[in-house]
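Reader: Hello! Please choose one part of this structure, look at it closely with me, and then show me what surrounds it.

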Amino acid sequence: MDKLTLLMFVLVHWNATHIQVHLTAACTDTFRPLTGLYDYCYWMITTFQNSTDSSKLCAKDGGTLAWVNSAEAQAFVEKTFTGTLTAGSMFYIGVQDPVSEEYYTYTGERQYYFNWDAVYSPITDWHCVMINYDSFKWREVKCLFPKLALCSKTILREYLSSYFDRVLVGKALTGYEASVLENLSFIRCAFACQMNVRCKSINHDVTSRRCTINSETAETYPSNVAIAPTVSYYTVFI
């Protein structure tokens, strides 16, 4: 099956099937973002450890402390784990600031999404982040404090991995827009790229659903890559 046929098959069957994935023994449920090459499965560690030991426990099942880098992911976590813990519980997630006030995920991405408690201000020498179960708001915490922990792991969307060569989360290629399409899902954006002979890469905005078809790539023009927190950039296999 060539790539165009494969992508058309995915487009036709996406809404009906959602391309089911198999949960591992550790997973409570699977989060399927509107964009990107990965789904995420989540599970809770319900014993108390510091962040280092919690991270090791996540790693035993192939994960990290949890990726929560979008409002969509935050909403999924709240929906999935509401009613599962004792009131007053607090749990680590995969956000840290090894460089003061520059936050990163445990998968190495720059952290762009935050859900800080309105009555709380980050503390300079506290480098880990936890969620207060009662409100699902975030607070920084000293990494040595024993807490519960939320883990996640990525599941590759194999039906797309053969089509895209490189992904930059939170970034966009600028200055080489061949076409801009409004209100498209990620799958439909990918399909539009395949149908455009000038398309070498795409930017997809998960919030506005804007699809930008680019005539060049970030590899060729790295100086034209800009920070764009709600956008992901994809280089297409030629």
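Author: Here is a look at one helix and its core, followed by the charged pairs and a few single residues.

This is a predicted model, so local features are given only where pLDDT (the predictor's confidence in each residue, from 0 to 100) is at least 70, and side-chain atom pairs only at pLDDT 80 or more, while totals for chains, interfaces and linings use all residues. Residues are numbered from 1 along each chain as its sequence is written, and side-chain values use heavy atoms, leaving out hydrogens and water.

Let's get our bearings. The chain contains five helices and 13 strands; these are DSSP runs numbered from the N terminus, with helices being H or I over at least four residues and strands E over at least two. Of the 238 residues in the chain, 46% are buried (under 20% relative accessible area; exposed is over 50% and partly exposed lies in between, with a 1.4 Å probe and protein chains only).

Now for our chosen part, helix α3, which covers residues 71-81. Its buried residues are A73, Q74, F76, V77, T80 and F81. Looking down the axis of α3, you would find these buried residues within an arc of 160°, so they line one face of the helix; the arc is taken from the directions from the helix axis to the C-beta atoms. A bit of background helps here: an α-helix has 3.6 residues a turn, so residues three or four places apart point the same way. Just after α3 comes G83, with a positive phi of about 85°.

What does α3 give to the largest nonpolar core? It supplies four residues, the most of any contributor. A nonpolar core here is a set of buried Ala, Val, Leu, Ile, Met, Phe, Trp, Tyr and Cys residues joined through side-chain atoms within 4.5 Å. The largest one has 24 residues, and Y42, F91, I93, W138 and L150 touch the most other members. At least two residues of this core come from each of β2 (38-49), α3, β4 (90-99), β6 (128-132) and β8 (147-156). Another core lies apart from this one, with 13 residues that include W43, M130, A149 and C151.

Strand β2 also holds Q49, which counts as buried at 13% relative accessibility. Leaving aside residues up to four places away in sequence, Q49 touches S54, L57, Y92, F145, P146 and K147. Touching, or contact, means heavy atoms within 4.5 Å. Across the chain, 69% of the contacts between residues at least 6 apart in sequence join residues at least 24 apart.

Next, the charged pairs. The whole structure has three salt bridges, each a side-chain nitrogen of Lys or Arg within 4 Å of a carboxyl oxygen of Asp or Glu. In one of them, R139 meets D117 at 3.4 Å, N to O. R139 sits in strand β7 (residues 137-141) and D117 in the loop between β5 (102-105) and β6, so this pair ties together parts that are 22 residues apart in sequence. R139 is partly exposed at 27% relative accessibility, whereas D117 is buried at 13%.

R210 and E182 form another salt bridge, at 3.0 Å from N to O. Their homes are the loop between β11 (201-205) and β12 (211-214) for R210 and the loop between β10 (177-181) and α5 (186-194) for E182, so the pair links parts 28 residues apart in sequence. R210, at 40% relative accessibility, is partly exposed, and E182, at 45%, is partly exposed as well. E216 pairs with K200, where the closest N and O atoms are 3.9 Å apart.

Two more residues deserve a friendly glance. F136 has a positive phi of about 60° although it is not a glycine. You can find F136 in the loop between β6 and β7, where it is buried with a relative accessible area of 6%. N183 also has a positive phi, near 55°, and is not a glycine. N183 lies in the loop between β10 and α5 and counts as exposed at 52% relative accessibility.

Finally, how far can we trust the picture? The average pLDDT of the chain is 82, and 79% of the residues score at least 70. Among the elements, β12 has the highest mean pLDDT (96) and helix α1 (residues 3-17) the lowest (41). Residues 3-25 have a pLDDT below 50, though this stretch makes 38 contacts in the model beyond near neighbours in sequence. Where pLDDT is low, the predicted coordinates should not be read in detail.
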